[in-house]
Amino acid sequence: MPTKLAAGNWKMNGIAANLAEAEALATALPAPGCEVLICPPATLIDRLSTVLAGSPIATGGQDCHAAAKGAHTGDTSAVMLKDAGATYVILGHSERRTDHDETDADVAAKSEAAWAEDLIAVICVGETEAERDAGDALSVVATQLAGSIPEAATAANTVIAYEPVWAIGTGRVPTTEQIAEVHNDMRRILSDRFGAEGAEMSLLYGGSVKAGNAAEIFGVTNVDGALVGGASLKAADFQPIVEALAAS
């Protein structure tokens with residue numbers, strides 16, 4: 001069975017004082033019943049790894065450069081993430097694709113860099129509102145999957161996160177039927193391409209996930225967890241999401 005994963009993406013939020021929220025979550029979840037991940041800003045990865053040492057919660061990065069080192073001012077390599085204590089890295093998030101013009105090929109190259117350092121790549125895909133309204137959601141996601149995932153992907157080194165762009169931070173959530181349609185198609189595509197490995201890859205849903213809708217979302221076929229934004233910043237908000245996943 002695919003691994004259940006509740007992943008929190010803090011995005012560009014958080015300073016040292018916010019580490020107390022992660023510590024509170026770790027205290028509240030001594031045996032969470034599923035995998036739990038927090039991806040803070042790069043400035044906090046090392047300190048968060050220290051805070052979470054010995055807990056069941058993993059630490060991840062929000063991006064990495066495709067190169068291991070070099071003249072890339074402001075970038076962070078997979079080597080650096082691993083050195084800071086990360087075991088996962090989010091790649092190809094829609095905000096990176098939009099704000100930094102990242103292409104599928106860029107995401108694939110970063111994924112290979114992550115794997116080289118034994119980091120698990122959380123590869124994000126998802127359609128815009130215009131693409132959804134045009135009836136192109138499935139084809140957009142299929143294209144992103146084809147271009148963003150290298151051939152060496154396995155269930156152990158790759159997680160896929162479906163995040164419809166129009167649902168991120170908006171409070172809008174697709175219907176369970178819409179989520180199921182995309183997740184079922186992703187499972188078909190991954191299984192066709194990667195065989196048993198594709199059948200076992202964890203598929204996360206992301207986009208305005210919160211305590212009030214988590215259980216319903218986790219009841220959808222082929223939803224193995226969530227990539228959570230704002231609701232992961234506070235232990236009191238993230239904990240019930242984790243518990244809903246563990247109970248699903």
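Axes here are lines fitted to C-alpha atoms, for helices over the stretch in contact, and angles run from 0 to 180 degrees between N-to-C directions. Keep that to hand for the exercises below, which all use a predicted model.

**Exercise 1. Two helices side by side**

Task: Work out how helix α5 lies against α7, and which residues in α5 and α7 meet.

Solution:
- Start with the axes: α5, residues 104–116, and α7 pack with their axes 7 Å apart, at an angle of about 45°.
- Next, classify the angle. Angles under 35 degrees count as roughly parallel and 65 to 115 as roughly perpendicular. The angle of about 45° therefore makes α5 oblique to α7.
- Add the handedness: the crossing of α5 past α7 is right-handed.
- Finally, look at the residues that touch. Asp104, Ala105, Val107, Ala108 and Ser111 are the α5 side, and they meet Thr143, Gln144, Gly147 and Ser148 of α7.

**Exercise 2. From the helix to the barrel**

Task: Find what α7 packs on, and place that partner in the wider fold.

Solution:
- Begin with the fold. Eight strands form a closed barrel in the order β1-β2-β3-β4-β5-β6-β7-β8, with parallel pairing. From one strand to the next, the twist averages 25°.
- Now bring in the helix: α7 (residues 137–148) packs on the sheet, where β5 and β6 (158–162) are the strands touched. The directions of α7 and β5 make about 150°.
- Then follow β5 to a neighbour. Strand β4 (residues 88–91) runs parallel to β5 (residues 120–125), and four bridges join them. One pair to locate is isoleucine 90 with its bridge partner in β5, valine 122.

**Exercise 3. A loop residue**

Task: Is asparagine 157 buried or exposed, and what is it in contact with?

Solution:
- Locate asparagine 157 in the loop between α7 and β6.
- Check the accessibility. Buried means under 20% relative accessible area, so asparagine 157, at 15%, counts as buried.
- List the contacts beyond four places in sequence: Trp115, Leu119, Ile120, Ala121 and Ala152.
- Look closer to home as well: the asparagine 157 side chain reaches the backbone nitrogen of threonine 154 at 2.8 Å.

**Exercise 4. Closing the barrel**

Task: Describe where the residues of strand β8 point, and which strands pair with β8.

Solution:
- Recall the pattern first: side chains in a regular strand alternate between the two faces of the sheet.
- Apply it to β8 (residues 225–228). Gly225 and Leu227 point one way, Ala226 and Val228 the other way, and all are buried.
- On to the partners: β1 (residues 5–9) pairs with β8 in the parallel sense over four bridges, and alanine 6 has alanine 226 as its bridge partner.
- Strand β7 (residues 202–206) also runs parallel to β8, joined by three bridges. Here leucine 204 is partnered with glycine 225.

**Exercise 5. A second helix pair**

Task: Describe how α1 and α11 pack, then examine glutamine 239.

Solution:
- Take the geometry: α1 (residues 19–28) and α11 (residues 235–247) pack at about 35°, with axes 9 Å apart. Their crossing is right-handed.
- Name the interface: Glu21, Ala24, Leu25 and Ala28 of α1 meet Ala235, Phe238 and Gln239 of α11.
- Turn to glutamine 239 in α11, which counts as partly exposed at 22% relative accessibility.
- Beyond four places in sequence, glutamine 239 is in contact with Leu25, Ala28 and Leu29. A polar contact of 2.9 Å also joins the side chains of glutamine 239 and glutamate 243.

Technical notes:
Residues are numbered from 1 along each chain as its sequence is written. This is a predicted model: local features need pLDDT of at least 70, side-chain atom pairs count only at pLDDT 80 or more; totals for chains, interfaces and linings use all residues. Side-chain values use heavy atoms; hydrogens and water are left out. Two strands pair if DSSP finds at least two bridges between them. Contact means heavy atoms within 4.5 Å. Buried means under 20% relative accessible area, exposed over 50%, partly exposed in between (1.4 Å probe, protein chains only). A polar contact is a pair of N or O atoms within 3.5 Å; within protein, one must be able to donate a hydrogen and the other to accept it, and residues adjacent in sequence count only if both atoms are side-chain atoms. Angles under 35 degrees count as roughly parallel, over 145 as roughly antiparallel, 65 to 115 as roughly perpendicular and the rest as oblique. A crossing is left-handed if the near helix is turned anticlockwise from the far one by less than a right angle, and right-handed if clockwise.
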